[in-house]
Amino acid sequence: MSCELELGLCLFQKTRQTPRIEYWLNKMQSHDLQLFQHSLLAGAIASVFARSVSLSTGDELLLVTGALLHDVGKVLIDRLILQKNGPLTSAERIELERHPEFGYRLLKEDGWDPAILELVHLHHERLDGSGYPHRFHAEKIGRLVRMVTLCDVFSALIEERSYRPSPRRPLEIMSVMTSELDGPLFGVFAEGVAELAFSAQRFLKLEMSGALIAN
Ligand SMILES: [Fe+2]
Ligand SMILES: [Fe+2]
């Protein structure tokens, strides 16, 4: 295992085992297994990403926590919507797109730091204003939010879904989202993180299968 991957996964394991985070991860796991797995993968990728851009220790923790909890609002979305195979109706899409708002509210009531609330609330905003829920533009979307978004998009692309095989070249798909994603951060991600993200994914699969004991 490479040093960057090992350091990243060490940060990931420590963060996810924090009781307040574990509480919400358990909620996601019992609501929808795929949601739980996606959250872990985004968190693991964020841990590696945090190391590649040399964040402060405080920002590293914010980034990994934000990535682990970014979709927590989906615990309030009907499983039938989350698990639907095939396209959503427009009513279902509207309901699904409420999850950043739901996550923000859940964590606010739980007393979380405003910086984490921001990551959860804004992870679907896009720099060109095409995202949701607020259609914010770049100037209102901070660096850590942009990083969580990259981890979220990449993990969603490399996950296997029952209705589609995972695309062969996720970075190519992301490289044409230039108006939506942060270009320089995407450059760092593509260069130093994407490959390690696949290793993190293999690590999580082994752990899920019981072949590894998390420490
Ligand atoms: Fe989301
Ligand atoms: Fe997500």
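The following legends describe close-up views of a predicted model.

**View 1. Overall fold of the protein chain.** The protein chain contains eleven helices and zero strands (DSSP runs, H or I of at least four residues for helices and E of at least two for strands, numbered from the N terminus). Its C-alpha trace spans about 45 × 40 × 35 Å along the principal axes. Buried residues, those under 20% relative accessible area with a 1.4 Å probe and protein chains only, account for 50% of the 215 residues.

**View 2. Coordination of the iron ion (ligand 2).** H38 (NE2), H70 (NE2), D71 (OD) and D152 (OD) coordinate this ion at 2.1 to 2.2 Å. Donors are N, O and S atoms within 2.8 Å of the metal (3.2 Å for Na, K and Ca); water is not among the atoms, so sites may look incomplete. The donor residues follow the sequence spacing H-x31-H-D-x80-D. H38 belongs to helix α3 (residues 33-52) and D152 to helix α9 (residues 143-158), so this pair ties together parts 114 residues apart in sequence.

**View 3. The two iron ions.** The iron ion (ligand 2) lies 3.6 Å from the iron ion (ligand 1), and D71 coordinates both.

**View 4. Burial of two donor residues.** H38 is buried at 5% relative accessibility. D152 is likewise buried, with a relative accessible area of 6%.

**Notes.** Residues are numbered from 1 along each chain as its sequence is written, while chains are lettered from A and ligands numbered from 1 in the order written. In this predicted model local features need pLDDT of at least 70, side-chain atom pairs count only at pLDDT 80 or more, and totals for chains, interfaces and linings use all residues; side-chain values use heavy atoms, with hydrogens and water left out.
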